[in-house]
Amino acid sequence: MMQLEDVVVSGVTEFVRIYIILEYFKIFLNVHSLRRNIISCVITYIITLLSYLVFHNVLVNLIVTVAGIIFLSGSFSGKFQKKLLLSIMLYAIMFVIDLLASFLLYEAPDSNNYDIVSSFISVLFFYIVVIGIKNAFKGKGRIDLSGQWYLLLYSALLSIAVLYVVYKDMVVSRIAVLTISIIILSFNLMLYIFYTTLIQPLFH
């Protein structure tokens, strides 16, 4: 039987991951409709979350993840070929990030906290990559992270370091690790939202 902690981890990380995916598409595409955007997010979130919780199958999860990304791209305007290419590129990035997160924690993969920490570190890495992409395309994309954007990277990297230290401390309970991970992820997400809200009126 699946533990409550696993449900919380999947629910929180998937919610944040979908938000980051939207930010990724906003770099290259225009939002077609805010209402359509929200509906797509809710549908994708429910389907992918149920898939992860019900089907413990790598192939099924892969198909659902890719389909979810492509479905989310449909809420943006633009040619389907471009959306498909961006979706495939995004999945490739996510796949590499998951490998990096696993490699970072390879020393003790049997730890009870491995699944929790690896999930949150993976999302934080994903967050860092999207920030980097936004900065690289700030002259061509839709959102400019001009200013002290590197502070967001420092915050995310520091968060990964904190999670790694917590992970290495084997006496920490799963509940404690989960709580710390959610707090750290929420802090980075709120920092990002606050920063983009502050910067966009100044540069647009």
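# Exercises on a predicted helical model

**Exercise 1.** Determine whether the end-to-end distance of helix H3 agrees or disagrees with the span expected from its number of residues.

*Solution.* Step 1: a helix is expected to span 1.5 Å times one less than its number of residues. Step 2: for the 16 residues of H3, the expected span is therefore 22 Å. Step 3: the C-alpha atoms at the two ends of H3 lie 23 Å apart, which agrees with the expectation. The model examined here, and in the exercises below, is a predicted one.

**Exercise 2.** State how many helices and strands the protein contains, and give the pattern in which they follow one another.

*Solution.* Step 1: the protein has seven helices and two strands. Step 2: along the sequence these elements are arranged as α-β-α-α-β-α-α-α-α. Step 3: of the contacts with a separation of 6 or more, 80% join residues 24 or more positions apart.

**Exercise 3.** Identify the residues with the most contacts inside the largest nonpolar core, and the element that supplies its largest share.

*Solution.* Step 1: the core comprises 41 residues, and Ile21, Phe25, Leu90 and Phe126 have the most contacts inside it. Step 2: two or more residues come from each of helices H1, H3, H4, H5, H6 and H7. Step 3: H5 supplies the largest share, with 13 residues. Step 4: beyond four places in sequence, Phe126 touches Arg17, Ile20, Ile21, Leu90, Met94 and Ile97.

**Exercise 4.** Trace the salt bridges of Glu23, and decide which partner is buried and which is partly exposed.

*Solution.* Step 1: Glu23 meets Lys26 in a salt bridge with an N to O distance of 3.3 Å. Step 2: these two residues are three places apart in helix H1, so about one helical turn separates them. Step 3: Glu23 also meets Lys134, at 2.6 Å, N to O. Step 4: because Glu23 lies in H1 and Lys134 in H5, this pair ties together parts 111 residues apart in sequence. Step 5: buried requires under 20% relative accessible area; Glu23, at 6%, is therefore buried, whereas Lys26, at 26%, is partly exposed. Lys134 is buried, as is Glu23. Step 6: Glu23, Lys26 and Lys134 are thus linked in a network of salt bridges.

**Exercise 5.** Describe the salt bridge between Glu14 and Arg17, and state whether its residues are buried or exposed.

*Solution.* Step 1: the side chains of Glu14 and Arg17 meet at 3.3 Å, N to O. Step 2: both residues belong to helix H1 and stand three residues apart, about one turn. Step 3: an α-helix has 3.6 residues a turn, so residues three or four places apart point the same way. Step 4: both Glu14 and Arg17 are buried.

**Exercise 6.** Locate Ser159 and list its contacts beyond four places in sequence.

*Solution.* Step 1: Ser159 lies in helix H6. Step 2: its relative accessibility of 7% means that Ser159 counts as buried. Step 3: beyond four places in sequence, Ser159 contacts Leu124, Ile184 and Asn188. Step 4: the C-alpha atoms of Ser159 and Phe187 are 9.4 Å apart, although 28 residues separate the two in sequence.

**Exercise 7.** Find which helix gives the most to the nonpolar surface patch, and classify Val60.

*Solution.* Step 1: the patch consists of Leu34, Ile38, Val42, Ile46, Leu50, Val54, Phe55 and Val60, with about 730 Å² of accessible area together. Step 2: helix H2 gives the most, six residues. Step 3: Val60 is in helix H3, and its 30% relative accessibility makes Val60 partly exposed. Step 4: the buried residues of H3 include Val64, Gly68 and Leu72.

Definitions and conventions
Residues are numbered from 1 along each chain as its sequence is written. This is a predicted model: local features need pLDDT of at least 70, side-chain atom pairs count only at pLDDT 80 or more; totals for chains, interfaces and linings use all residues. Side-chain values use heavy atoms; hydrogens and water are left out. A nonpolar core is a set of buried Ala, Val, Leu, Ile, Met, Phe, Trp, Tyr and Cys residues joined through side-chain atoms within 4.5 Å. Buried means under 20% relative accessible area, exposed over 50%, partly exposed in between (1.4 Å probe, protein chains only). Contact means heavy atoms within 4.5 Å. Patches are made of residues with over 30% relative accessible area and no salt bridge: like charges are joined within 9 Å, nonpolar side chains (Val, Leu, Ile, Met, Phe, Trp, Tyr) within 5 Å. Accessible areas come from the Shrake-Rupley method with a 1.4 Å probe; for residues, only the protein chains shown count as cover. A salt bridge is a side-chain nitrogen of Lys or Arg within 4 Å of a carboxyl oxygen of Asp or Glu.
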